[in-house]
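This briefing is meant for a reader who is meeting the structure for the first time. Please keep the sequence and the 3D view open while reading.

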Amino acid sequence: MMIPLLLLRRLLMAVPTMLTVSILLFVTLRLLPVDPAAMSMPPNATIEDVEAKRREMGLDKQLATQYAIWLRGALHGDLGRSIQLRRDAAHLVATALPATIQLALCAMLIASALGLGGGLLLFHIRGRPAETVGDLGTTLLLSIPEFLWALLFILLFGVLIPVLPFIGQLGPHFSVAPITSFLLLDTLLAGKPDAFVSAVAHLVLPAFALGIAFSPAIMRVLRSGLLDVYHEDYIRQVRLRGIGEWRILLVHALPNAVLPTLTLMGVQFGFLFGGTLLVEVIYSYPGLGNLMVDAVRNADLPIIQTVGLTYCIVVLLIGMTVDALMLILNPRLRAT
């Protein structure tokens, strides 16, 4: 089947998923003991003012009607206004989204480098005493969640050995006008190398906290894939031709073993994107995580719902991207 048709099918399957998530979010948030109308009014507002606001926001209607009104607005780009900040919810989320994407991409690069390198190392030491140490190491890495890595890195590299900043996204003495909203790129486009170095320094600890937590799974899957490939007949035939072991590993075995690993990395990226929430809060990083926590703290329902939908959309897009890459890299899938 052609790749465009497969991607179209996955896109069509994403529509009911998004509708289901939006319904669950909408209903769950409306069942909370929170009155958005009262929260959007000043403290001296009367009961009549609150009731008038409820009618204006459509909260006096049945839940199904409220959802239909919200869905009609969402299809036109209107996801409501923040109760706390009195600004368009979609604009606030769009402003915070690039910082989270930047953090997740950097963390995924770190996780990929550590995972692929660690997987090759684990495969290389197979059958040796060091293999037990490697297995214990990956088990230990899997046992520590990303938020604990974040706290450990702050303690070690921010307090005990203060070599890296751990608050915010940029040093307080720098100012960079948003061009693409991706800070690393904006500092380069603005011709401010000092600001770029500061942005990278602020990104190191949160990116490593996320990346190191997701790398052990990549290590194990790559090692398992290499072990399976090395039992194939073509590896034995290549070895009989006198080709060196490193060339067999890197040229003949790795390209075939890495496909399941790439699939896992795509799935991991979706989880990693969602895992930025706690890390952003710990490092005061101005992304979706901080926006979400502030919204929950203030019961800002439009922001909570918009952030939840954004996470859903991003994960679906990641899944479709992974599917496309797998179809391109594996010809056998294109034949199905």
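What follows is a short briefing on charged pairs, a helix packing and a few single residues.

The structure is a predicted model, and 3 salt bridges are found in it. Two of the topics below concern those pairs, another describes how helix 7 and helix 11 meet, and the last ones look at Gly158 in helix 7 and at helix 12 with the residue Ala299 just after it.

**Salt bridges between helix 6 and helix 9**

- Side chains of opposite charge can pair when their charged atoms come close.
- Glu131 pairs with Arg223 in a salt bridge whose closest N and O atoms are 3.9 Å apart, and this pair links distant parts of the chain, since Glu131 belongs to helix 6 (residues 130-143) and Arg223 to helix 9 (residues 193-229), 92 residues apart.
- Asp135 also forms a salt bridge with Arg223, here with the closest N and O atoms 2.7 Å apart, and again distant parts of the chain are linked, with Asp135 in helix 6 and Arg223 in helix 9, 88 residues apart.
- Arg223 has a relative accessible area of 13% and is therefore buried, whereas Glu131, at 23%, is partly exposed, and Asp135 likewise counts as partly exposed at 27% relative accessibility.

**A salt bridge within helix 12**

- Arg297 forms a salt bridge with Asp294, and the closest N and O atoms of this pair lie 2.7 Å apart.
- Because Arg297 and Asp294 are 3 residues apart in helix 12 (residues 288-297), about one helical turn separates them.
- With 58% relative accessibility Arg297 counts as exposed, while Asp294, with 33%, counts as partly exposed.
- Looking across the salt bridges, those that share partners join Glu131, Asp135 and Arg223 into one network.

**Packing of helix 7 and helix 11**

- Two packed helices are described by the angle between their axes and the distance between the axes.
- The axes of helix 7 (residues 146-160) and helix 11 (residues 245-282) come within 9 Å of each other and cross at roughly 25°, so helix 7 is roughly parallel to helix 11.
- The crossing in which helix 7 passes helix 11 is right-handed.
- On the side of helix 7 the contact is made by Glu146, Phe147, Ala150, Leu151 and Ile154, and on the side of helix 11 by Gly275, Leu278, Val279 and Ile282.
- Sorted by class, this contact of helix 7 with helix 11 has 7 nonpolar, 1 polar and 1 charged residues.

**Gly158 in helix 7**

- Gly158 is placed in helix 7, and with a relative accessible area of 14% this residue is buried.
- When its neighbours within four places in sequence are left aside, Gly158 is in contact with Phe153, Leu164 and Phe166.
- The C-alpha atoms of Gly158 and Leu205 are separated by 9.1 Å, although these residues are 47 residues apart along the chain.

**Helix 12 and the residue after it**

- Which residues of helix 12 are buried? They are Leu288, Gly289, Asn290, Leu291, Met292 and Ala295, and in the same helix Arg297 counts as exposed at 58% relative accessibility.
- Just after helix 12, Ala299 takes a positive phi of about 50°.

Notes. Residues are numbered from 1 along each chain as its sequence is written. This is a predicted model: local features need pLDDT of at least 70, side-chain atom pairs count only at pLDDT 80 or more; totals for chains, interfaces and linings use all residues. Side-chain values use heavy atoms; hydrogens and water are left out. A salt bridge is a side-chain nitrogen of Lys or Arg within 4 Å of a carboxyl oxygen of Asp or Glu. Helices (H or I, at least four residues) and strands (E, at least two) are DSSP runs, numbered from the N terminus. Buried means under 20% relative accessible area, exposed over 50%, partly exposed in between (1.4 Å probe, protein chains only). Axes are lines fitted to C-alpha atoms, for helices over the stretch in contact, and angles run from 0 to 180 degrees between N-to-C directions. Angles under 35 degrees count as roughly parallel, over 145 as roughly antiparallel, 65 to 115 as roughly perpendicular and the rest as oblique. A crossing is left-handed if the near helix is turned anticlockwise from the far one by less than a right angle, and right-handed if clockwise. Contact means heavy atoms within 4.5 Å. Ala, Val, Leu, Ile, Met, Phe, Trp, Tyr, Cys and Pro count as nonpolar, Asp, Glu, Lys and Arg as charged, and the others, Gly among them, as polar.
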